[in-house]
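Work through the exercises below with the sequence and the 3D view open. Try each task before reading its solution.

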Amino acid sequence: MILSNIETVPGKQITRFFGVVSGSTVRAKHIGKDIMAGFKNIVGGELKAYTELIAEAREDAVGRMVREAESLGANAVVNIRFSTSSVAQGAAELFAYGTAVTVE
Amino acid sequence: MKFDPSLPEDGINVSRTNLLREALLLVGGVAAIAIAVAFAAAVAVDLVVPHIPIELELRLFSGWFDRAAKTDAAVDPREQPLAKLLDRMVGHWPECPYGFEIAIWDTPEPNAVALPGGVIAVTRGLLEKVESENELAFVLGHELGHFRNRDHLRGLGRGIAFSLLLVAVGVGGGGSAVELASLAGQFAQRGFDREQEIEADRFGLALLAAEYGHVSGAAAFFEHLSELGGPGEGALASYFSTHPLHADRIQALHGTAHEMGWALRGEQRPAFSTSR
Amino acid sequence: MDPQVELGVRLGIPLALLVLAYFTGAAVERRHYASIRKCELRWRGLPAITLRTVPPSWKVTECTLITGSVVISVDYFKRFLAGLRAIVGGRVKVYESLLDRARREALMRLKQQAVEGGYHAIVNVRLETCRMANARNSESIAGLEVLAFGTGVKLLNAP
């Protein structure tokens, strides 16, 4: 599955397009990491636990988007966009969406 | 570029999960965490408390209860004899570092409370219900036991740890999770509270035996409490009340008396006042 | 109050609410999904793509911004579970269906707008998610808003 966040796949032609495919996950980090992050809030700096959290979520979400595209019979997803939102206290949603197409 | 109107497979973005199993897992998990933290805190407190110096404890608790305040304007005539009885009991505790004071509370429910700092409060209801000096001596001895075991500090330590746990859960999870954690934590702590009461009983028995040569006062006191009707007999009630079921305490009483060779029956002196 | 009764009330009320929410929430969700699937089948012929450039074979006569949005709230049972999950960590499965429903509903409303306006396709579709906080307690989620917007185009020859 070819993934790209530009409108085309350079060197190939889009022969058929389907529609919007998307993948999303909602993840939470356990409370120990939340408390450490609370301390980090005082000194500042990268919140490694949350960075990991978002990275895992992103892989997961892209994986689901690819599965939707595969179920359509597409071989590429173009114009991919990401959106992160906080769904509830301590939980973040990562949402990836793009257009499923067949390229040759 | 041709348009293909196919629809993707349904449900890729939703994990097939059995909600009830998830609920069981999560509730069990959080309750287990809360109970584990409560236990760890109680054990830590029990380890630390014996090393805290008495002076520190007295300074910490001074001023919590105004020793001079009396609930009644008129001084209860039973106060003096009660204070003398307390002195006799304290006499059997030579290493006692506290100075004690008696307070009589004007409430009808029979109760006795050990207040941090050195005040032992007894209710009017209790004074009217006891039928002998021995029973009263046991009640005072039990309260002295709380002081000897530094139970106030233990309670304070556990309370602080418990509050921290609830705050942490609140930050992570929100209202209902706090309720759940609070219930689980209290359930875990009840065991420690009950143990404290039985230990205080044990000290009271020792003082009784030293004063009278036998521990009939304790046996008589428990028999009276059973007649009055204590908290409900259900298993749930016994866990969620701070005082163990009277049957448990009676069993512990018999056990200790048997172990130490103290007689459960003996001559009982009349209480200093059986009427108001 | 008798401690046993008090305990019963303290546990009983939230428990009853949870049970109620579990059953009604599941029913509401099932019904919503049924309606979503019906709409998706009905309007599958209307292309909605995230690409910005219009396919070269299309001859556009008119275009305008169209939107579709929805705010969905999750039932008490799921909120309770999500709160617990935030302590333990991991995938918050109970909210996945909420987001899925909200997103598909927003897309369907976008398509509905296109159909009502007589548009033949939607390009540059974007989705934005936003959390509506409870007025009392900003931690708990009152509802989730999903906005879907794009440019609806009218074509000389419908695809």
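Two strands count as paired if DSSP finds at least two bridges between them. Keep that cut-off in mind for the strand exercises. The model is predicted. Its scores are ipTM 0.84 and pTM 0.76.

**Exercise 1. Describe the fold and the dimensions of chain A.**

Solution.
Step 1. Count the elements. Chain A has 2 helices and 4 strands.
Step 2. Put them in sequence order. The pattern is β-β-α-α-β-β.
Step 3. Check the dimensions. The C-alpha trace spans about 55 × 25 × 15 Å along its principal axes.
Step 4. Set the radius of gyration against the globule rule. Chain A has 17 Å, while a compact globule of 104 residues would have a value near 13 Å.
Step 5. Look at burial and contacts. Buried residues are 43% of the 104 in chain A. Of the contacts with a separation of 6 or more, 76% join residues 24 or more positions apart.

**Exercise 2. Trace the pairing around β4 of chain A.**

Solution.
Step 1. Start with β3(A), residues 76-88. This strand pairs with β4(A) in the antiparallel sense, over 10 bridges. Phe82(A) stands opposite Ala96(A) of β4(A).
Step 2. Inspect the turn. The hairpin of β3(A) and β4(A) has 2 residues between the strands, and Gly90(A) takes a positive phi near 80° there.
Step 3. Move to β2(A). Its pairing with β4(A) is antiparallel, over 12 bridges. Here Val21(A) faces Gly98(A) in β4(A).
Step 4. Is β4(A) largely enclosed or largely open? Of the 13 residues in this strand, which covers 91-103, 11 are buried, so the rest of the structure largely encloses it.

**Exercise 3. Classify Gly11(A) as buried or exposed, and place it in the chain.**

Solution.
Step 1. Locate the residue. Gly11(A) sits in the loop between β1 (2-3) and β2 of chain A.
Step 2. Apply the cut-off. A residue is exposed if 12 or fewer other C-beta atoms lie within 10 Å of its own.
Step 3. Count. Gly11(A) has 6 C-beta neighbours inside 10 Å, so it counts as exposed.
Step 4. Look across the sequence. Glu104(A) is 93 residues away from Gly11(A) along the chain, yet their C-alpha atoms are separated by 9.0 Å.

**Exercise 4. Give the strand order of the open sheet in chain B and find the helices that lie across its strands.**

Solution.
Step 1. Read the order. The 3 strands run β2-β4-β3, with mixed pairing.
Step 2. Find the edges. β2 (101-105) and β3 (112-115) of chain B each have a single partner strand, so each leaves one side without a neighbour in the sheet.
Step 3. Note the twist. Neighbouring strands are turned by 20° against each other on average, direction ignored.
Step 4. Take one pair. β2(B) and β4(B), residues 119-123, pair in the parallel sense over 5 bridges. Trp105(B) has Thr123(B) as its bridge partner in β4(B).
Step 5. Add the helices. α3(B), residues 79-91, lies across β2 and β4 of chain B at about 135° to β2(B). α5(B), residues 133-148, lies across β3 and β4 of chain B at about 30° to β3(B).

**Exercise 5. Characterise chain C.**

Solution.
Step 1. Check confidence. Mean pLDDT is 87, and 91% of the residues of chain C reach 70 or more.
Step 2. List the elements. Chain C has 3 helices and 4 strands, in the pattern α-β-α-β-α-β-β.
Step 3. Check the dimensions. Its C-alpha atoms fill a box of roughly 80 × 25 × 25 Å along the principal axes. The radius of gyration is 21 Å, against a value near 15 Å for a compact globule of 159 residues.
Step 4. Look at burial. In chain C, 36% of the 159 residues count as buried.

**Exercise 6. Dissect the contact between chains A and C.**

Solution.
Step 1. Count both sides. Chain C gives 30 residues and chain A gives 29.
Step 2. Name the contributors from chain C. Elements giving two or more residues include α3 (93-117) and β4 (141-155) of chain C. The largest share, 6 residues, comes from β3(C).
Step 3. Sort by class. The chain C side has 17 nonpolar, 5 polar and 8 charged residues.
Step 4. Look for pairing across the chains. β2(A), residues 14-28, and β2(C) pair in the antiparallel sense over 2 bridges. Ala28(A) stands opposite Gly90(C) in β2(C).

Notes. Residues are numbered from 1 along each chain as its sequence is written. Chains are lettered from A and ligands numbered from 1 in the order in which they are written. This is a predicted model: local features need pLDDT of at least 70, side-chain atom pairs count only at pLDDT 80 or more; totals for chains, interfaces and linings use all residues. The radius of gyration is taken over C-alpha atoms; the globule rule is 2.2 Å times the number of residues to the power 0.38. A residue is buried if 20 or more other C-beta atoms lie within 10 Å of its own, exposed if 12 or fewer, and partly exposed in between; C-beta atoms are placed from the backbone. Two residues are in contact if their C-beta atoms, placed from the backbone, lie within 7 Å. Ala, Val, Leu, Ile, Met, Phe, Trp, Tyr, Cys and Pro count as nonpolar, Asp, Glu, Lys and Arg as charged, and the others, Gly among them, as polar. pLDDT is the predictor's confidence in each residue, from 0 to 100. Axes are lines fitted to C-alpha atoms, for helices over the stretch in contact, and angles run from 0 to 180 degrees between N-to-C directions.
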